[in-house]
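Colleague: Could we take a close look at a single part of this model, namely the salt bridges? Please set out which side chains take part and how they are placed.

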Amino acid sequence: MKEPVYASRWPQLAKWWDAATITNPTEVAAVAKRLVAAKDRYQSVEAKTRVPWYMIAAIHEREASQSWNKQLAQGDPLNQVSTNVPRGMGPFSTWEEGAIAALKHDGLTSVSDWCIEKVLHWQEKYNGWGYFFRGIPSPYVWGATSNQRPGKYVSDGVWSSTTMDRQIGCAAMLKGMMAIDPSIKLVRESAEPEAPELARAAPGAAAPGAAAPGEGARAEKGTGSGLLRRAQQHIGEEYVNIQVPKDNPNWKGPWDCAEFISWLVYQEAGVLYGCVDDNAKPSEADAYTGGWQQDVERLGIRVSIEKAAATVGGIVLRYPPPGGMGHIALCDGKGGTVEAKGRKYGVVADTVQNRGWHTGVLIPGIKYDSVGDVVAISPPAELYARNTPNMDKAIIIRIQQALASKGFSPGDIDGEYGPDTEAAVVAFQLSEGLVADGATGRDTAEALGIALTGAKPVESTKPVEPVQTDAKPIESVKPVEPGVKPTLPGLIPGLIPGIIPKILPSLLPGVAAMNPLIGLAAAVLPDILKAVVGDKAGTVAGAVTQAVTQITQTQNPEEARNKLNADPAAVAALQLKLAEIAAAQEEKREQAQLALLKEQNEQEGKRQQAQMALLKEQHEDEAKKREAQLEQIRAEIEDTKGARSTFAALALANSPMAWGAPVVSVLVTLGFFGILLILVLRGMAQGEQVAQIINITVGALAAAFATVVSFWLGSSQGSRQKDAATTAAMESQVKQTDALQNTMLQAQAKQAEVLQSTVKTAMAATPASGAKKPSNFRRCMDIVLAYEGDYSEDPGDPAGATQFGIKIAALRDWRHDDGLTAEDVKKLGRDEACEIYRTRYWNVLRCDDLPLGVDLVAFDFGVNAGTGRSAKMLQQVVGAADDSSIGDATIAATKAMAPRDVIKEMSNRRLDYYRDLPNANLLRNRTAAVEKTAMEMIDSGGAGNVRG
C-alpha cells in the first residue's frame with residue numbers, strides 16, 4: 001500500500017485540527033507545562049534542523065516520555081545502538097545529537113515550510129501509517145482529543161479494534177502548549193486562492209479583510225503597488241552589507257537585500273517584518289533573510305513562488321544556508337523583480353526566472369490589489385548547491401578547481417559539494433559582490449569562468465582578476481546578532497599587514513560563513529577554529545567573541561579589524577588570550593576522553609574479573625568430581641587388598657578354611673585344562689545342543705580360571721607394586737589437570753592484563769591535538785557499491801528486488817513500510833542507499849574510529865557477511881573479547897596493532913570463510929581487491945578522503 005500524499009490529505013487534517021477538543025485537559029495541561037519548560041533544549045535542535053520546537057517536544061513525549069536519556073527516534077537508551085525500529089542508531093553523547101539524527105533519518109529536516117497541517121502529517125508519518133491504512137485517526141497524533149477512535153496496535157503487528165490508546169497525542173499536546181506559550185503561532189495551509197489576500201495566515205495575523213481570533217479586523221496600512229513604487233525609486237543605488245534605519249524615509253542607500261525589503265515594508269505599512277527582533281526600535285532593527293524565514297513561518301503569509309511572482313508587491317525568498325546568507329526580492333507581478341542583488345549590481349530590476357527560491361511571501365496588513373496572470377516559473381537550468389540531488393560530479397570538480405585557481409580553497413578536489421566547497425563559494429561570491437548564498441548558479445559560474453554544462457570549462461566573457469593582497473576588505477555574511485552589521489576582511493592574504501604575513505588558504509574560505517569576530521580571531525590564531533568547531537555547546541565561540549571584544553574594546557568587526565591593524569600589541573594580547581582558550585578547551589576535551597576511557601577500562605576489568613571468577617568456580621567443581629573418582633578407585637583397590645589379607649591370616653592360623661581357596665583353584669584349573677585337552681584330542685561332539693553346552697562350560701571355566709590367576713598373581717609383591725603405581729598415576733593425573741586449569745586461569749588473567757595495558761597505552765598515545773581522522777565513508781562506500789551492483793530482480797532469488805545491494809525486505813524495514821514494491825526498490829536513490837549503509841553497517845562497526853584501511857576491510861566484510869561476523873573476526877585478529885560488538889576496548893586493541901597486519905590477517909580469514917561457498921572465486925577476487933585498496937589507503941595516508 002502506498003503512503004498518503006500530503007497534497008490530497010491536508011484538508012482532512014485541517015478539519016480534524018479545527019474540530020479537535022481535549023478530552024482530559026488536566027493531564028494534557030501538566031504534560032504541556034513540562035514540555036514548555038524545556039523549550040530552550042528543543043529550540044537548540046530546531047536551530048539545526050528547522051523542525052519546529054513544539055513538534056519535537058510532542059514527539060519526544062510520545063517516543064520517550066520526555067526522558068533525556070533515551071533516543072528521540074524510538075525511545076531506546078541514548079548510550080546504546082538502538083535495537084528497535086529504526087535500528088542501528090546511536091550511541092549518542094547528548095540527547096540533542098540523537099534528536100538531530102532521528103529527525104534527519106525520518107526526513108523532517110528536508111521540510112522548511114512548516115504549517116500545522118504539515119506538522120500533523122509528518123508526526124503521523126514519523127510513527128507510521130498503520131492507522132491510516134485502517135481508516136482511523138492515528139492516536140499518535142489525535143490521542144486525548146475528540147477525534148480519537150477505538151483501535152490500537154497492542155504490540156508489533158497485533159491489532160485490537162476495541163482498545164483505546166491512553167497516551168496523549170501530539171495534537172493535544174500542541175494545543176496544550178499553545179495555551180501556555182502564546183509565542184506559538186501556527187501557519188495554516190491553504191489552497192491557491194483567487195486573490196492573494198485570501199492566502200493563509202497564522203492565528204493572530206489575519207489576512208486582510210478578516211478578523212484575527214480574539215481581536216477586531218486589522219486595518220490595511222499599505223498596498224503591494226505601493227511597495228513596488230517605492231522599490232523602483234531606488235534602482236541604481238549601492239549595495240553594502242549594512243544596517244538600515246527602517247524609520248528613515250529619506251534613506252537612499254546603501255542597502256543589502258533583506259534590509260531593502262524590510263525598509264520597504266516598514267515605510268509602506270509601518271510594521272517591522274523579517275528582522276532578528278521585530279520588537280526592536282525601527283532605527284536599530286537588524287533585517288536578515290533568516291529573520292524573514294522565521295517570520296513567514298510564524299506570522300505568514302506563505303504562498304507559492306508562482307503566486308508571488310504574479311502579485312504586484314509579492315516577495316520571493318531564498319532561505320539562508322547554515323551560517324550564510326539567503327536572498328530576497330520584490331516582484332512586479334509579471335515575473336520581474338526589484339532587489340538589492342549584490343555589491344556587483346546594487347539595486348536592480350531583474351527576474352524571478354531560472355533562479356533558486358524556497359517560497360513566496362505576502363505581508364499581513366498589506367492589500368494586494370493587482371494580480372497578473374499566473375507566471376510559470378522556470379527553476380535554474382543548472383544549480384549546484386549543498387544537499388542538491390543529482391549533481392554531476394565532474395562539474396563539481398570543475399567548480400572546485402576554479403575556486404582553487406582563484407585562491408579560494410574548497411578542501412579536497414573530490415567532486416563532493418560539501419561544507420568546505422560551500423564556504424569557498426561564499427567567500428568567492430563575497431569577493432565578487434555576488435549574492436553570497438553558497439550556491440553555484442549562472443552568475444557565480446560566469447564569474448568563475450566556467451560552464452555548468454558540457455565537457456569542458458569555458459572562459460567567461462568578462463574575466464575576473466584574482467584577488468589582490470591590497471584589495472578592499474569585503475563584506476561578510478550577515479550575523480543574526482541584533483545591531484551588529486559587520487564587514488569581514490580576512491579573505492585575502494595579509495589581513496593585518498606586517499603582523500600576519502599569510503593566512504592559510506584552506507582556512508580563509510570558511511571564515512566568511514561564521515561570526516565575523518571569530519573570523520578575525522582565526523586570522524590571528526588559526527588553530528582556534530579547531531576548538532570552536534569541536535565545541536558543540538558553543539561556549540568556546542562565546543569565549544572567543546568575548547576575547548576579541550575585550551581586547552579591541554568594540555563589538556563592531558570593522559572597528560575591531562582597524563584596531564588590530566593599527567596595534568601590534570593588541571594582536572599579541574589577542575594571540576595569547578586565544579591560545580589560553582584553545583589550551584583550556586583541549587585540556588577539557590582530553591580530560592573528558594580520559595574519563596570516558598577510564599570508565600570503559602574499569603567496566604572491562606570488572607567483566608573479565610567476573611569471567612575469571614566463573615572459570616575458577618568451574619575449575620573447583622571439576623576438581624571435586626575428579627577427587628571423588630579417585631576415592632572410588634582407591635576403595636576398589638583396598639577391597640582387593642582386603643581379600644588377600646584375609647586369606648593370608650587364615651593360612652597363618654592353620655585354619656581349615658584356608659584350604660578353600662587352594663582347593664577351588666585346583667579344581668577350576670584341572671577342569672579348565674582337562675576339558676581343553678579332551679576337546680583338542682577328541683574333537684567337538686556332534687549336535688548343535690551339545691556344542692552349545694560345551695561352549696557355555698568352557699566359557700565359565702575360562703572366567704573362573706582368570707579369576708584364580710588374578711587372585712594368586714595379585715598377591716605377589718609385583719602386583720602390589722602395580723596397584724600402587726596405578727594409584728600414583730591417577731593422583732598424578734589429577735595434579736596435572738589442576739596445574740593445567742591453573743595455567744589457563746593465569747593465561748586468562750594475563751590476557752586481561754594485556755588488554756587493560758593496551759587500552760591504557762592507547763589512552764596515553766592519544767594525540768594532544770585531538771585530531772580525529774576524517775571519515776573514510778564516502779571512499780569506502782564507492783568501493784563497496786562497485787561490488788554490490790545496481791538494480792536486479794531475479795525471479796529465482798527469494799530475497800526479491802535489490803538495488804545497490806539493498807534488498808526489498810531491508811528497504812521495507814528502513815522505511816517502516818511493508819507495502820513497498822519492486823518499483824520502489826528500483827527508484828531507491830544512491831544517497832538513501834548510502835545512508836542505510838552508514839547507519840546499519842558503518843556506524844555499527846564504528847568504522848570512523850578504526851584505522852585507515854582497516855575501516856574498509858571491516859565495512860566490506862560486514863556488508864557481505866554481516867556486522868556481527870565482521871566485528872567478531874576483527875576482535876579475534878586483535879586479541880579482544882570476541883562478543884561481536886565493537887566497543888572502545890576493541891578499538892584500542894586494533895589501534896595497538898599495525899594496520900597492515902590487521903588487514904592481512906582479516907583478509908586471510910575471509911578467504912577461509914569463503915572457501916566452501918558456491919561463489920568462492922568471486923568472493924576471493926573481491927577480498928584480494930579490497931585488501932589491495934586498503935593497503936593503498938595506508939600508503940597514501942588518506943589522500944582523497946571525503947568527509948562523510
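Modeller: The following account treats the salt bridges, beginning with one pair. The model is predicted, and a search of the whole structure finds 29 salt bridges.

One of them joins Arg41 and Glu96, whose closest N and O atoms are 2.8 Å apart. Arg41 belongs to helix α3 (residues 39-49) and Glu96 to helix α5 (residues 95-105), so this pair ties together parts that lie 55 residues apart in sequence. As to solvent accessibility, Arg41 counts as partly exposed, at 33% relative accessibility. Glu96, by contrast, is buried, with a relative accessible area of 18%; this value places Glu96 in that class because buried means under 20%.

A further salt bridge is formed by Asp443 with Arg442, with 3.4 Å between the closest N and O atoms. Arg442 is partly exposed, its relative accessible area being 46%; Arg442 is not classed as exposed because that term requires a value over 50%. Both Arg442 and Asp443 also belong to a network of salt bridges, in which they are linked with Lys341 and Asp350.

The side chains of Lys563 and Asp567 likewise meet in a salt bridge, at 3.6 Å from N to O; the pair qualifies because the cut-off is within 4 Å. Lys563 is partly exposed at 32% relative accessibility, and Asp567 is also partly exposed, with a relative accessible area of 24%.

Methods. Residues numbered from 1 in each chain as written. Predicted model: local features only at pLDDT ≥ 70, side-chain atom pairs only at ≥ 80, totals over all residues. Heavy atoms only, no water. Helix = DSSP H or I, 4+ residues; strand = E, 2+ residues; numbered from the N terminus. Buried < 20%, exposed > 50% of the residue type's maximum accessible area, 1.4 Å probe, protein only.
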